[in-house]
Amino acid sequence: MGEPAWRFLTASVTGPSHVLEGRPNQDAALSAGIDGRAHFLAVADGAGSRPRSREGAQQLVKSAYAAARAQLGQGHPATPHEWKRLMRVLAGDCLRRFDDWLARRVRELPARGRGDPVVLRSQFAATLLAAVIAPPFVSYLNIGDGFLIVERAGGGAQLVLPPPTNRSDAGETVFATSLRRAEALEVGVVLDGRVNGVALCTDGLTEALLAGDGSAGYDAPDTLGAYFSYFADPAVPPEQLAKQLGSEDFAGTSGDDKTMALAVRLR
Amino acid sequence: MSGPVDALPPAQPAKSRILITLVVDTSSSMSHLGRIDELNAALHGWRRQISAYTHVMRMGEIALVTFGNGHVRVIDPRGKESGAVGQPFVPMTDFDPPRLEAGGVTPMVEGIQQALDILGTRKQQLRSSGIPLANRPLMYLITDGAPTDDQGRLTDRWRDLAPVLRKQEEGRHLLFFALGVREADHEVLRGLAPESAYNLGEMEFSKVLQLVSASTEKVAAGTARNQGASEIYQQVDQHMQMREWLGHHG
């Protein structure tokens, strides 16, 4: 990835509602190098009401990583347009891999209670937000309600991909198992050599991290820059991220699981 | 659970709201066997109980409507204003209701209509202020009787209200629970809330309010916003293991 070096970390904590109900964390996160020039980050949010969504979230980030390795193994794009196109291809590849796994997994389910395949698939419902960090490019794909923050030297933190607003009356979240997933797919690319940090977050962090009045849209507050500067110090233990997300202060913002994948340029 | 990392900024102030409305029976039947005293004690205890759900406390706003004593009344949930209430919804953290008195007939239908009115007004206020709702508003009817007209005669005007509630549910504007104790008319409860009516028999009000807490928390968790009302009611039912619980308490 060239100099200066980057640091990658992930943290995922179980939401207080899940703790109260004795349910596991249904989010997943993955951080892994691709080819020495690019790094992969992803977060997935298993639908809280679906019995196998944790498994679905875990598989989704794995499928996305496998797709990223396969697609970038054929060479790196050189322009934003090419990156965007690649992210669409990568998303398709990811969903094919996920579907293959899902088909096998559904066949393994006990015969009793088997029913509509669409319903069975929905048991594994999860959202996916994945990014490829290949400076000066940061490319992403999104299915669902995750959000993406990019921090640039001199420019502060920017909410590049916002979460949906006014959730009470909003339409249903689209998952990787949804029929409308292709329409809901979002891809994007940031081209900026001064990017110092990238944060991928599940929607459980919306209330804790973002500012704004919600209805008109969210903003990344200036204070978010502290995440990137703090973790840019290699001496800071990575566990501090989980400590922050799992703090009582953050628990008070949402009952959901909270997950972040963070990339910071070491300074 | 630990404190936040000092070097990192604290969580942002609450942006979303969760609106909770309690519609409570204070008719003369509630004076029997000290039921109103039990309800008063339960409401105060509930404040402590729900404070365990930190995100509900942080985002929650509550309103209290009574029907019975004084006909239909919008009560100040903070226990500060005794007359007309300027702002029916107050932060959950301020919930400290006044002592309720029992008396009069059971204008249940008017009570629910009043609750829907103040809810609509509050939603409009929040919308105008750009404050979103974290999830659908929750409304809980708690009663030990059956709806009557002004003369205390049983009325079936609730049948006209049921379609209004269904429309609100289908539009994802409301979740409505009907919780009946003692002599509550279960046909009415089932009519008003076909998928979320509970005949709780002799269950103490403190336990009734535990059901309110548990379902509020379940809905406030966020995951429910992707689901239709039926699915949520089903999950709340399973979550609280209501039927098993009823077996012990009903």
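# Notebook: the interface of chains A and B, and selected residues

I looked up salt bridges across the interface of chain A and chain B, and the rule finds 1. I note at the outset that the model is predicted. The bridge is formed by Arg58(B) and Glu207(A), with 4.0 Å between the closest N and O atoms. I then asked for polar contacts across the interface of chain A and chain B and obtained 5 residue pairs, both residues at pLDDT 80 or more.

**Entry: the side of chain A that touches chain B**

I listed the elements of chain A that each supply at least two residues to the side touching chain B: helix 1 (16–21), helix 6 (206–209), strand 10 (211–212), helix 7 (225–231), helix 8 (239–245) and helix 9 (248–251). Helix 1 of chain A gives the largest share of this side, with 5 residues. Sorting the side by class, I recorded 15 nonpolar, 20 polar and 14 charged residues.

I also noted the extent of the interface. In chain A, 49 residues are in contact with 40 residues of chain B. The two chains, A and B, bury about 3700 Å² between them, and 50% of this lies on carbon and sulfur atoms.

**Entry: the bridge between the chains**

I returned to the pair of Glu207(A) and Arg58(B), whose side chains meet at 4.0 Å, N to O. Glu207(A) belongs to helix 6 of chain A and Arg58(B) to helix 2 (residues 54–59) of chain B, so the pair joins two chains. Is Glu207(A) buried or exposed? Glu207(A) has a relative accessible area of 7% and is therefore buried. Arg58(B), at a relative accessible area of 25%, is partly exposed.

**Entry: salt bridges elsewhere**

I searched the whole structure and found 22 salt bridges over all chains. Within chain B, I inspected Glu110(B), which forms a salt bridge with Arg157(B), the closest N and O atoms being 3.0 Å apart. Glu110(B) sits in helix 3 (residues 108–128) of chain B, and Arg157(B) in the loop between strand 5 (138–143) and helix 4 (158–170) of chain B, so this pair ties together parts 47 residues apart in sequence. Glu110(B) is partly exposed at 21% relative accessibility, and Arg157(B) is partly exposed at 37%.

I next took the salt bridge of Glu187(B) and Arg159(B), which is 3.3 Å, N to O. Because Glu187(B) lies in helix 5 (residues 186–192) of chain B and Arg159(B) in helix 4 of chain B, the pair ties together parts 28 residues apart in sequence. For Glu187(B) I recorded 48% relative accessibility, which counts as partly exposed; for Arg159(B) the value is 43%, and the residue counts as partly exposed.

In chain A, I noted a network of salt bridges that links Glu55(A), Arg105(A) and Glu108(A).

**Entry: Arg23(A) and Thr259(A)**

I located Arg23(A) in the loop between helix 1 and strand 2 (27–33) of chain A. Which residues does Arg23(A) touch, beyond those up to four places away in sequence? I found Thr14(A), His18(A), Gly48(A), Ser49(A) and, from chain B, Lys218(B). I also recorded that Arg23(A) and Pro51(A), 28 residues apart in sequence, are 9.9 Å apart in space, C-alpha to C-alpha.

Thr259(A) lies in strand 12 (residues 258–265) of chain A. Thr259(A) is buried because its relative accessible area, 0%, is under 20%. Its side chain makes a polar contact of 2.5 Å with the side chain of Ser12(A). Leaving aside neighbours within four places in sequence, I noted several contacts of Thr259(A), among them Asp27(A), Val43(A), Leu200(A), Cys201(A) and Leu245(A).

**Entry: backbone geometry**

I checked the peptide bond from Pro135(A) to Pro136(A), which is cis, with omega near 10°. Pro136(A) is in the loop between strand 4 (126–134) and strand 5 (137–143) of chain A.

In chain B, I noted a positive phi, near 50°, for Leu33(B), a residue other than glycine. Leu33(B) is in the loop between strand 1 (18–26) and helix 1 (35–50) of chain B, and it is exposed, with a relative accessible area of 83%. Arg172(B) likewise has a positive phi, near 60°. I placed Arg172(B) in the loop between helix 4 and strand 6 (175–180) of chain B. Arg172(B) is buried, with a relative accessible area of 15%.

**Entry: annotation of chain B**

I consulted UniProt, where an unreviewed entry carries the annotation "domain: VWFA" for residues 19–219 of chain B. In the model, the end C-alpha atoms of this span lie 11 Å apart, and the span is 39% helix and 19% strand.

Conventions. Residues numbered from 1 in each chain as written. Chains lettered and ligands numbered in written order. Predicted model: local features only at pLDDT ≥ 70, side-chain atom pairs only at ≥ 80, totals over all residues. Heavy atoms only, no water. Contact = heavy atoms within 4.5 Å. Buried area = accessible area lost by both parts, 1.4 Å probe. Polar contact = N/O pair within 3.5 Å; in protein donor to acceptor, adjacent residues only side chain to side chain. Helix = DSSP H or I, 4+ residues; strand = E, 2+ residues; numbered from the N terminus. Nonpolar A, V, L, I, M, F, W, Y, C, P; charged D, E, K, R; others polar. UniProt positions renumbered as here; feature names shortened; annotations may be inferred. Buried < 20%, exposed > 50% of the residue type's maximum accessible area, 1.4 Å probe, protein only.
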